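This report describes how the parts of one modelled assembly meet. The sequence and structure come first, followed by the account under short headings.

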2 protein chains.
Amino acid sequence: MQTRTTPAGRTGRPRSAAADAAILAATRAALVELGWSRLTLGDVATRAGVAKTTLYRRWAGKNELVVDAVAELFDELRLPDRGSLAADIEGAVLQFAAILSRPEAKSGLMAVVAESTRDAALRERIRASIVDRQKRLVLEGRARAQARGELPPENDPEEAARTVDLIFDVVAGAVVHRTLVSAEPADEEWVRGFTRLLLRGLVDASAQEAQKALEA
Amino acid sequence: MQTRTTPAGRTGRPRSAAADAAILAATRAALVELGWSRLTLGDVATRAGVAKTTLYRRWAGKNELVVDAVAELFDELRLPDRGSLAADIEGAVLQFAAILSRPEAKSGLMAVVAESTRDAALRERIRASIVDRQKRLVLEGRARAQARGELPPENDPEEAARTVDLIFDVVAGAVVHRTLVSAEPADEEWVRGFTRLLLRGLVDASAQEAQKALEA
DNA sequence: GCCATTACGCTACGGGTCGTAGCGTAAGCG
DNA sequence: CGCTTACGCTACGACCCGTAGCGTAATGGC
């Protein structure tokens with residue numbers, strides 16, 4: 001999220017930072033009420049109390065505007081140390097799920113991702129302002145787990161990068177799919193099951209389930 | 001995919017099945033060339049050699065049309081028995097990835113999913129024509145693995161259903177995220193790594209990696 | 001204070017898409 | 001041959017798009 005205030009060493013009237021905030025908030029409100037397809041820039045401008053031309057002076061179009069509006073939702077994403085890899089994963093996933101449960105995130109994020117398949121610049125914008133911040137959590141969690149001895153240190157840095165990418169796609173993809181496609185909440189129970197599967201794998205997790213059932 | 005020919009016991013001129021096929025094909029072609037947002041129903045009608053009004057007589061709007069057009073891409077989805085759970089998973093994931101690698105699937109599918117967050121009927125349509133067919137593969141694969149003894153039989157049917165849903169979200173979500181968000185191909189190498197993670201889990205998979213590195 | 005510069009609000013516009021209505025024609029069934 | 005339904009075509013008001021033009025507001029430099 002780049003600051004939009006006028007860069008130093010420039011003459012002329014500075015851009016209103018308040019207008020930016022109002023526009024992005026109005027965009028999220030419009031996403032909630034109308035969804036992606038019915039959202040119009042004219043409507044957003046009216047909601048924000050801003051002229052339509054001001055919108056076009058700052059953003060190239062609907063896609064870029066929505067990316068920035070949704071990106072702000074991910075500002076709160078943190079990774080508090082919960083003591084174990086499993087707890088860290090559960091915490092991060094629950095935070096991600098909480099953001100994704102908001103209607104403005106659901107309708108906005110997926111729509112721009114869909115558009116980004118035909119627009120490399122848009123894809124890069126999404127990566128920089130949203131995706132990379134999520135991926136950083138994976139890196140942080142991995143480092144902590146290695147420090148705790150829960151995961152072995154990486155030998156091949158290239159292989160390690162591939163693994164991080166893989167885990168990221170699995171975690172983020174699973175939460176998104178659960179929330180948007182299956183349209184069911186990624187609540188604590190689900191997250192526990194997911195974390196167990198991620199850590200121990202399908203075979204071991206199933207065996208554990210069978211074991212529990214036998215004991216009962 | 002429901003047949004759109006006139007149901008038996010009806011009078012009047014029957015709907016042209018050829019027109020349906022032409023319209024859906026034209027929709028996919030338009031998705032490839034224009035993407036979701038720039039796709040217009042008027043353009044699709046022209047491409048299909050059909051009047052615009054005919055389109056509106058059959059589909060309520062852009063969303064429903066694209067769902068049906070994309071759904072046809074999933075007709076080829078099968079699960080040949082490859083002898084082991086790992087091989088079955090790899091085969092199914094590679095098929096799914098091949099479909100998702102098409103531009104018409106990328107831009108179309110995610111867009112309608114985004115729209116479905118605000119439209120329960122559309123979500124149900126997607127579920128019936130696309131999602132359920134994928135989920136059936138998970139059920140089939142699980143049954144085979146149990147028959148082979150690779151997975152324990154399920155005791156609690158409710159728990160089993162939850163597990164199937166979980167695995168489905170993980171598999172489909174990971175492939176979608178890899179293909180659309182990370183914008184990199186889910187090729188054989190990636191699928192192998194993913195399958196290992198899914199089966200053995202993060203801890204075991206990492207230990208194996210470290211082991212391999214030590215041996216080398 | 002005055003000027004250059006940039007941002008803002010407002011209005012107006014051509015162009016495109018939407019979704020529908022109306023009407024004549026085509027293709028089935030009894 | 002009639003009845004019924006689908007189709008093609010045209011036309012339409014409504015909406016949204018993205019931009020141009022102009023007067024005004026808010027800065028910094030002199």
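## Contact between the two domains of chain A

Between domain 1 of chain A and domain 2 of chain A there is 1 residue pair in polar contact, both residues being at pLDDT 80 or more; a polar contact is a pair of N or O atoms within 3.5 Å, where within protein one must be able to donate a hydrogen and the other to accept it, and residues adjacent in sequence count only if both atoms are side-chain atoms. The side of domain 1 of chain A that touches domain 2 of chain A is made up of 4 nonpolar residues, 1 polar and 1 charged (nonpolar: Ala, Val, Leu, Ile, Met, Phe, Trp, Tyr, Cys and Pro; charged: Asp, Glu, Lys and Arg; polar: the others, Gly among them). The count of salt bridges between these domains is 1, a salt bridge being a side-chain nitrogen of Lys or Arg within 4 Å of a carboxyl oxygen of Asp or Glu. The side chains of A:R28 and A:E72 form a salt bridge with an N to O distance of 2.8 Å.

Domain 1 of chain A covers 17-58 and domain 2 covers 71-215, with bounds from an automatic or database domain assignment. Their centres, taken over C-alpha atoms, are 30 Å apart. Contact, meaning heavy atoms within 4.5 Å, joins 6 residues of domain 1 of chain A to 9 residues of domain 2 of chain A. The two domains bury about 630 Å² between them, 74% of it from carbon and sulfur atoms; buried area is the accessible area (1.4 Å probe) that two parts lose on being put together, summed over both. On the side of domain 1 of chain A, the greatest losses of area to domain 2 of chain A fall on A:R28, A:L31 and A:W36, together 72% of what that side buries.

## Basis of the model

The structure is a predicted model, in which local features need pLDDT of at least 70 and side-chain atom pairs count only at pLDDT 80 or more, whereas totals for chains, interfaces and linings use all residues. Residues are numbered from 1 along each chain as its sequence is written, chains are lettered from A and ligands numbered from 1 in the order in which they are written, and side-chain values use heavy atoms, with hydrogens and water left out.

## Chain A against chain B

A turn of 180 degrees with a shift of 0.0 Å along the axis lays chain A on chain B with an RMSD of 0.0 Å, the superposition being by least squares on the C-alpha atoms of residues with pLDDT of at least 70 in both. This is the relation of a two-fold axis. Of the interface residues of chain A, 98% are also interface residues in chain B, so the copies meet through the same surface.

Chain A contributes 56 residues to the contact and chain B 57 residues. About 4600 Å² is buried between the two chains, 67% of it on carbon and sulfur atoms. In chain A, the residues losing the most area to chain B are A:R118, A:D169 and A:L202, together 14% of what that side buries. There are 2 salt bridges between chain A and chain B. A salt bridge joins the side chains of A:E189 and B:R162 at 3.5 Å, N to O. Residue pairs in polar contact between the chains, both at pLDDT 80 or more, number 16.

## DNA strand C

Around DNA strand C there are 24 residues, of which A:G12, A:R13, A:T54, A:R58 and B:Y56 come nearest; a residue counts here if one of its heavy atoms lies within 4 Å of the strand. Sugar or phosphate accounts for 61% of the strand C atoms within 4 Å of the protein, and bases for the rest.

The side chain of A:T53 has an N or O atom 3.0 Å from a base nitrogen of DNA strand C, and that of A:R57 has an N or O atom 3.0 Å from a base oxygen of DNA strand C. From chain B, a polar side-chain atom of B:Y56 is 2.7 Å from a phosphate oxygen of DNA strand C.

## DNA strand D

DNA strand D is surrounded by 23 residues, the closest being A:Y56, B:G12, B:R13, B:T54 and B:R58. Of its atoms within 4 Å of the protein, 60% belong to sugar or phosphate and the rest to bases. A phosphate oxygen of DNA strand D lies 3.3 Å from a backbone N or O atom of A:L41. Base oxygens of DNA strand D are approached by a polar side-chain atom of A:K52 at 3.0 Å and by a polar side-chain atom of B:R57 at 3.0 Å.
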